[in-house]
Amino acid sequence: MKIFTQLLALVILFAAQSAIAKNNYVRAGATGANNGSDWTNAYASLPATLVRGDTYYIADGSYAGRTFSTPVSGTTPIIIKKATLADHGIATGWSDSYGDGQAAFTSGLVFTSSYWTLDGQTGGGAVNSWVQNFGFKITETRDGNAVIKIGQGVTANNITIRHVDLQGKGSVSNLGGSASNDGLAIYGASDVTLSHFRMVGIGRCPFFVSPRNLVVEHGWVQSYFGSAAVHSEVASIWGFAGAVGDVTFRHNLFTDIQSTGGIMWDNSSNNSARLNVYGNVFYKPAGASWGRANGVVGGWTGGGGEQFRNASVYNNSFINVDQESLSTLPNVYSGNVAHNNIFYNSSSPNFAKFGAHNHNHFINSGGNHSEANGTSAASGDPFVNVAGLDFRLKAATAAGLTLAAPFNVDALGKTRGADGTSDRGAFEFGGASLSAPANLQVQ
């Protein structure tokens, strides 16, 4: 009887919580009661006070940027969704014209509390040809403001952001230091995921982050800017706001390397932290100009105490990379490995800072580097359509090193080695064809 009573109490509690949580509706230009109860009476903008446990559907239109600061209530999230034809909540007052376009924030978004989900619902990743049909677009053109900022002097953890088009000022920022026109800026926050995104025209670093457990996946870093006065990297990762934790970049496309370099890692604040870089494509398009500095994946020299430890570089494709794919600058390093990568028409990689490397494939990229299972070729394009950003393989490669989950799944969800052989490079051989995105130019 006691157990039954406890179970009944739990059922009542969960039912009460479900009854309290509700859907709310936001539509730019709405002129009804503006109480958010349905699409006829939608809020004209996100209300000043948001409720924990609620979901807010946002229709096509233009909206002001804002700070999300609602105090936490346990682990209860607030969910903000782009309304789509397939998922828009209540039917009352709904028109398909509310969900067939984009909801655009005209300035950056800031998170100063925990447990948020921002979901544009559509667009991004290889399946969507990297760029098409993002539900949310966020534009920030001010020098000292990131497109998305998380934390800084506050606790802001457990934040998921997906299906977003992130646009910076379109030129180099006039500010460096602790704040600039970065894409995603994280100041000490933990458990953050950015998924299915594009970054274009970022004024400094696409990622300026001091995170604990960050996942960046299925995105396209298309362009960003740096200068002698304002240094930038694809990702500046170090403990400026506390000790870093694990950081993962997986299944992304990078078509720009500027200023100091690519994914730059310093885990001197926590030698146990790991950098996982797998299933990505680093592609220099024809005619593009990339900066030459610290390399594509690596770190700093150590002059400021930086360390480069526990970096795993698996199943990436380096294409037309005319600089160090793997940085040789770190002077304090250990535990770094590089397996199953393809280097195509690239500078010969230097594995001096990587204690273990094998099963890599080199095409016009300096031979097999004495790897026991390395393979090489003088020429031959292994990819379906590089210019069209389709980096799938035309044929299977020699067998790569078998890796455990989560490293054994490619960007299209194909399990590596399911046919008996795990391929090298970002994509496992086979899978549905990809259509070229509408906009390929560097912006």
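**Exercise 1. Work out how Phe-383 is paired, and what surrounds that pairing.**

Solution. Start with the partner: in this predicted model, Phe-383 has Leu-393 of β31 as its bridge partner. Next, zoom out to the strands. Phe-383's pairing belongs to strand β30 (residues 383-385) and β31, which run antiparallel and share two bridges. Now look at how the chain gets from one strand to the other: β30 and β31 make a hairpin with four residues between them. One residue in that turn, Leu-389, has a positive phi of about 60°. Finally, check the two faces of β31. Asp-390 and Arg-392 lie on one side, Phe-391 and Leu-393 on the other, and all of them are buried. So both faces of β31 are covered, because buried means under 20% relative accessible area.

**Exercise 2. Follow the chain past β31 and find the cis peptide bond.**

Solution. Go to the segment after β31 (390-393), where Pro-406 sits. Then look at the bond leading into Pro-406: the peptide bond from Ala-405 is cis, with omega near 5°.

**Exercise 3. Which strands pair with β13, and in which sense?**

Solution. Take the partners one at a time.

- Strand β12 (residues 184-200) runs parallel to β13, joined by twelve bridges. Val-192 has Leu-214 in β13 as its bridge partner.
- β14 also pairs with β13 in the parallel sense, over three bridges. Here Val-209 is matched with Ile-237 in β14.
- β15 is parallel to β13 too, with four bridges. Val-216 stands opposite Phe-249 in β15.
- Strand β16 (residues 253-254) adds a parallel pairing over two bridges. Trp-220 has Leu-253 as its partner in β16.

One last step is cover. Strand β13 (residues 207-221) is mostly covered, with twelve of its 15 residues buried.

**Exercise 4. Place Phe-240 and decide whether it is buried, exposed or in between.**

Solution. First, the location: Phe-240 belongs to the loop between β14 (233-237) and β15 (247-250). Second, the number: its relative accessible area is 24%, so Phe-240 is partly exposed. That verdict needs the cut-offs, since buried means under 20% and exposed over 50%. Third, the company it keeps. Setting aside neighbours within four places in sequence, Phe-240 touches Ile-186, Tyr-187, Phe-208, Val-209 and Ser-210. Fourth, a distance: Phe-240 and Ser-269 are 29 residues apart along the chain, and their C-alpha atoms are separated by 9.0 Å.

**Exercise 5. Describe strand β2 and find the two bridge partners of Tyr-57.**

Solution. Begin with the side chains of β2 (residues 55-58). Thr-55 and Tyr-57 point one way, Tyr-56 and Ile-58 the other way, and all are buried. Then turn to one neighbour: strand β1 (residues 23-26) pairs with β2 in the parallel sense over four bridges, and Tyr-25 has Tyr-57 as its partner there. Now the other neighbour. Strand β5 (residues 78-82) runs parallel to β2, joined by four bridges, and Tyr-57 stands opposite Lys-81 in β5.

**Exercise 6. Inspect three loop residues: Asn-310, Gly-355 and Ser-370.**

Solution. Asn-310 comes in the loop between β21 (308-309) and β22 (311-314). Its phi is near 60°, a positive value in a residue other than glycine.

Gly-355 is in the loop between β26 (342-344) and β27 (356-358). With 79% relative accessibility, Gly-355 counts as exposed. Now compare positions: Gly-355 and Pro-71 are 284 residues apart along the chain, and 46 Å separates their C-alpha atoms.

Ser-370 lies in the loop between β28 (361-363) and β29 (375-377). Though not a glycine, Ser-370 has a positive phi of about 60°. Its relative accessible area is 73%, so Ser-370 is exposed.

**Exercise 7. Step back and judge the whole chain: does its radius of gyration agree with a compact globule, or disagree?**

Solution. For 443 residues, a compact globule would have a radius of gyration near 22 Å; the chain has 23 Å, so the two agree. The C-alpha atoms fill a box of roughly 70 × 50 × 50 Å along the principal axes. Next, tally the elements: one helix and 31 strands. As for cover, 54% of the 443 residues count as buried. Finally, among contacts with a separation of 6 or more, 68% come from residues 24 or more positions apart.

Key:
Residues are numbered from 1 along each chain as its sequence is written. This is a predicted model: local features need pLDDT of at least 70, side-chain atom pairs count only at pLDDT 80 or more; totals for chains, interfaces and linings use all residues. Side-chain values use heavy atoms; hydrogens and water are left out. The radius of gyration is taken over C-alpha atoms; the globule rule is 2.2 Å times the number of residues to the power 0.38. Buried means under 20% relative accessible area, exposed over 50%, partly exposed in between (1.4 Å probe, protein chains only). Contact means heavy atoms within 4.5 Å. Two strands pair if DSSP finds at least two bridges between them.
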